[in-house]
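Please take this as a selection-by-selection tour, to be followed with the viewer open. Each stop says what to select and what is found there.

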Amino acid sequence: MDIEQIRSDFPILSTTVYGKPLIYLDNGATTQKPKCVVEEIENIYYTTNANVHRGVHYLSQQATDLAEEARVVVQQFINAGHSKEVIFTRGTTESINLVAHSFCQQFCSQGDEIIISAMEHHANIVSWQLQESIRGIKLKIIPINEKGELILDEFKKLISPRTRLVSVTHVSNVLGTINPVEEIIGIAHSHDIPVLIDAAQSVQHIGIDVQKLDCDFLVFSGHKIYGPNGVGVLYGKEKWLNLMPPYQGGGEMIKTVSFKGTTFNELPFKFEAGTPDYPAVIALATAINYIKKIGLDSIKAYEDELLRYCTDELLKIDGIRIFGTSDNKSSVISFLVGNIHHYDMGMLLDKMGIAVRTGHHCAQPLMEELGIEGTVRASLAFYNTKKEIDQLIAGIKRVASMFG
Ligand code: PLP
């Protein structure tokens, strides 16, 4: 990989903050966008702006064709069996809420159980808690060990005749742990239980083949994979999506409407109510094509190298505690240094031009489990460099010396 060439595709990376070169290490929260993605959005608005699926006129048909081509790009990227299994949403959060609402409406009644894990993002907790209060379902939680890995023997014990679905993250946004999702899916399927994989933190780092994985649902966000905000993906096996009722009403999700009753459109449109953010959909495909050109295997190998380097250097710092020490990790590192508050560390690093995330990372139950309020999190992308990591380490040491 030619990192300098890659970095030049991301103009924001050569900007400064507080007069210092920006070092962007908050890629778990959102990734920066290559020029081709931003230019695609501009191009669509300048040349092809019309509502999709609504018009017989040229522009509308052009926009519709591009949006449907984007669906095929996503389908091929995750190797879905058919493009109708790819639903465009506003992001991971909306995708999980969609499944929680529609799946539970169809398949869950009072006392039924959904299994999630102790390391979930709030999106994969609260969506189900809403169903707890609406339908009286119960949540069961897979615990983690001291390295921040799921305890699969405990998972097996949680499965009961009332279990209706398992919903787990592929990669923890706090610990970086890559969960053994193939094994989890295999275990769940041996009990005929479907599985949702939250790929918000994995799809940009690890090649995903939904047919090989055999997951029933998979969700991710455009903005974390170098694409635009406001667009995301729900992959669902056709058999489940066909059985589930629509999530929202209006727009392209109908077949016929009368005051006596309404019939619904086929997949994927049944789950796409209202005018979609189709410029974002099209630019998501541009982002995916950009990543494919670099190659996810090269991206993973380079990010693994950065992760190893950053971890080794961090471990040399006095009083460092790293949260998440699995052997199978993605490029996310959460840490604390001595008694320095994570906000203090984050704010002082910011003044040096270094952007890291601080706080609970939308994973408060995990923080409770770890017995802390929050961490500092550096999350690395393929445009980061060892030099930037050196600057992070130097910055942390400077903060540590300020606090004595
Ligand atoms: N799931 C995980 C694992 C995440 O890391 C995030 C965001 O950080 C989400 C879900 C929510 O994603 P979004 O805010 O894009 O919907």
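Buried means under 20% relative accessible area and exposed means over 50%, with partly exposed in between. Asp-350, at 26% relative accessibility, therefore counts as partly exposed. The model on screen is predicted.

**Stop 1: Asp-350 and its partner**

Keep Asp-350 selected and add Lys-351. The two form a salt bridge, with 3.9 Å between the closest N and O atoms. Lys-351 is partly exposed, its relative accessible area being 42%. Next, select Glu-68, Arg-71 and Glu-272, which are joined into one network by salt bridges that share partners.

**Stop 2: Arg-377 and Asp-26**

How many salt bridges does a search of the whole structure find? The search gives 19. To see another of them, select Arg-377 and Asp-26, whose side chains meet in a salt bridge at 3.5 Å, N to O. Arg-377 is in strand β17 (residues 375–379), while Asp-26 is in the loop between β3 (23–24) and α2 (35–47), so this pair ties together parts that are 351 residues apart in sequence. Are these two residues buried or exposed? Arg-377 is buried, with a relative accessible area of 1%. Asp-26 is buried too, with 13%.

**Stop 3: Asp-214 and Lys-237**

Move to Asp-214 and Lys-237, which form a salt bridge with the closest N and O atoms 2.8 Å apart. Asp-214 sits in the loop between α8 (210–213) and β9 (217–221), and Lys-237 in the loop between β10 (232–236) and α9 (238–243), so the bridge ties together parts that are 23 residues apart in sequence. Asp-214 is partly exposed, with a relative accessible area of 33%. Lys-237, at 15% relative accessibility, counts as buried.

**Stop 4: the ligand**

Select the ligand and show the residues that surround it, which include Thr-92, Thr-93, His-121, Thr-169, Asn-173 and Asp-198. Also among them are Ala-200, Gln-201, Ser-221, His-223 and Lys-224. By class, this shell has one nonpolar, eight polar and two charged residues.

Three distances can be displayed here:

- Asp-198: a polar side-chain atom lies 2.6 Å from a nitrogen atom of the ligand.
- Lys-224: a polar side-chain atom lies 2.6 Å from an oxygen atom of the ligand.
- Thr-92: a polar backbone atom is 3.5 Å from an oxygen atom of the ligand.

How much of the ligand's accessible area does the protein cover? On its own the ligand has 400 Å² of accessible area, and the protein covers 86% of that.

**Stop 5: helix α4**

Thr-92 also leads to the next selection, helix α4, which comprises residues 92–107. The helix has 16 residues and reaches 22 Å from its first C-alpha to its last, close to the 22 Å expected at 1.5 Å a residue. Colour by accessibility to pick out the buried residues of α4, among them Thr-92, Glu-94, Ser-95, Ile-96 and Asn-97. Further along α4, the buried residues include Leu-98, Val-99, Ala-100, Ser-102, Phe-103 and Cys-104.

**Stop 6: Cys-108**

Finally, select Cys-108, which is placed in the loop between α4 and β5 (113–117). Cys-108 counts as buried, at 9% relative accessibility. Add Arg-135 and draw the C-alpha to C-alpha distance: Cys-108 and Arg-135 are 7.5 Å apart in space and 27 residues apart in sequence.

Conventions:
Residues are numbered from 1 along each chain as its sequence is written. This is a predicted model: local features need pLDDT of at least 70, side-chain atom pairs count only at pLDDT 80 or more; totals for chains, interfaces and linings use all residues. Side-chain values use heavy atoms; hydrogens and water are left out. A salt bridge is a side-chain nitrogen of Lys or Arg within 4 Å of a carboxyl oxygen of Asp or Glu. Helices (H or I, at least four residues) and strands (E, at least two) are DSSP runs, numbered from the N terminus. Buried means under 20% relative accessible area, exposed over 50%, partly exposed in between (1.4 Å probe, protein chains only). A residue is near a molecule or strand if one of its heavy atoms lies within 4 Å of it. A polar contact is a pair of N or O atoms within 3.5 Å; within protein, one must be able to donate a hydrogen and the other to accept it, and residues adjacent in sequence count only if both atoms are side-chain atoms. Accessible areas come from the Shrake-Rupley method with a 1.4 Å probe; for residues, only the protein chains shown count as cover. Ala, Val, Leu, Ile, Met, Phe, Trp, Tyr, Cys and Pro count as nonpolar, Asp, Glu, Lys and Arg as charged, and the others, Gly among them, as polar. The expected span of a helix is 1.5 Å times one less than its number of residues.
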